[in-house]
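Keep the sequence and the 3D view side by side as you read. We will go step by step, starting with a term.

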Amino acid sequence: MSGTTDRLPGRPELSDLSDWLEAGFPDLDAIPATQGIHVEERLVDDRFVLQAELPGIDAAEIEITVAEGCLTLRAERSDETTDQGLAVFHYGHFTPLPPGARSDEATADYGQGVLTITVPVQEAKPTMGIMPVREPLSVSAH
């Protein structure tokens, strides 16, 4: 193994976790059950749009949940093989939603192996409040 790795200018020599997750794990990609989902996320005007490639998966096998500002996508498919029995493949992805996301108005469409989730986003308005200043508690001598 050579100890030299070409990195983009300004990037540390050791990759961070997000680089590893984006690049995937080549050795594991050969095992179908551990392959990830190709996901694209973008903010378009007043909408957050997530597109996920899920070829070969039935719409009934897709679960989308939103909790505490995080969108979670889960999918499963099974494949009957003649020599090894039943193979089950699990897929998953989670992403934080942008501030002002209206998850109660989200929609999901699935066609030709591509899932599109659209979440309206209202501009987050800064809140302003007045904080009272308290006097320190006095200690009485006994």
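A residue counts as buried under 20% relative accessible area, as exposed over 50%, and as partly exposed in between. Take Glu-63 as a test case. Its relative accessible area is 39%, so Glu-63 is partly exposed. Keep that scale in mind, since several charged residues below will be placed on it.

Now step back to the whole chain. The model is a predicted one. The protein has 142 residues, and 18% of them count as buried. There are two helices and seven strands. Follow the sequence from its start and the order reads α-α-β-β-β-β-β-β-β. Contacts tell you about the fold too. Among contacts with a separation of 6 or more, 41% are between residues 24 or more positions apart.

Next, find the sheet. Strands of a sheet pair through backbone hydrogen bonds, either parallel or antiparallel. Which strands form the open sheet here, and in what order? Four strands do, in the order β1-β2-β7-β6, and the pairing is antiparallel. At the edges lie β1 (38-44) and β6 (107-111), each of which pairs on one side only. With direction ignored, neighbouring strands of this sheet are turned by 15 degrees against each other on average.

Zoom in on one edge of that sheet. There β6 pairs with β7, residues 114-120, in the antiparallel sense. Five bridges join the two strands. You can pick out some of the partners. Thr-107 stands opposite Thr-118 in β7. Ala-108 has Ile-117 in β7 as its bridge partner. How many residues lie between β6 and β7 in their hairpin? There are two. One residue to look at in the turn is Gln-112, with a positive phi of about 50 degrees.

Now turn to the charged side chains. A search of the whole structure finds three salt bridges. One of them joins Arg-74 and Glu-63, whose closest N and O atoms are 3.1 Å apart. This pair links distant parts of the chain. Arg-74 is in strand β4 (residues 70-81), Glu-63 is in strand β3 (residues 62-67), and 11 residues separate them. You have already met Glu-63 as partly exposed. Its partner Arg-74 has 47% relative accessibility, so Arg-74 also counts as partly exposed.

The other salt bridges bring in Arg-102. With Asp-104, the closest N and O atoms are 3.7 Å apart. With Glu-105, the N to O distance is 3.0 Å. Arg-102, Asp-104 and Glu-105 are thus linked in a network of salt bridges. Where do these residues fall on our scale? Arg-102 has a relative accessible area of 29%, so Arg-102 is partly exposed. Glu-105, at 40% relative accessibility, is partly exposed as well. Asp-104 is at 61%, which means that Asp-104 counts as exposed.

Last, look at the rings. Which ring does the charged end of Arg-77 sit over? The ring is that of Phe-89, and the charged end lies 4.2 Å from its centre. What about rings pairing with other rings? Aromatic rings pair if their centres lie within 6.5 Å. By this rule, the count of aromatic pairs is zero.

Note on methods
Residues are numbered from 1 along each chain as its sequence is written. This is a predicted model: local features need pLDDT of at least 70, side-chain atom pairs count only at pLDDT 80 or more; totals for chains, interfaces and linings use all residues. Side-chain values use heavy atoms; hydrogens and water are left out. Two strands pair if DSSP finds at least two bridges between them. Axes are lines fitted to C-alpha atoms, for helices over the stretch in contact, and angles run from 0 to 180 degrees between N-to-C directions. Rings of Phe, Tyr and Trp (its six-membered ring) pair if their centres lie within 6.5 Å; planes under 30 degrees apart count as stacked, over 60 as edge-to-face and the rest as tilted. A charge sits over a ring if NZ of Lys or CZ of Arg is within 6 Å of the ring centre and within 35 degrees of the ring normal. A salt bridge is a side-chain nitrogen of Lys or Arg within 4 Å of a carboxyl oxygen of Asp or Glu. Buried means under 20% relative accessible area, exposed over 50%, partly exposed in between (1.4 Å probe, protein chains only). Contact means heavy atoms within 4.5 Å.
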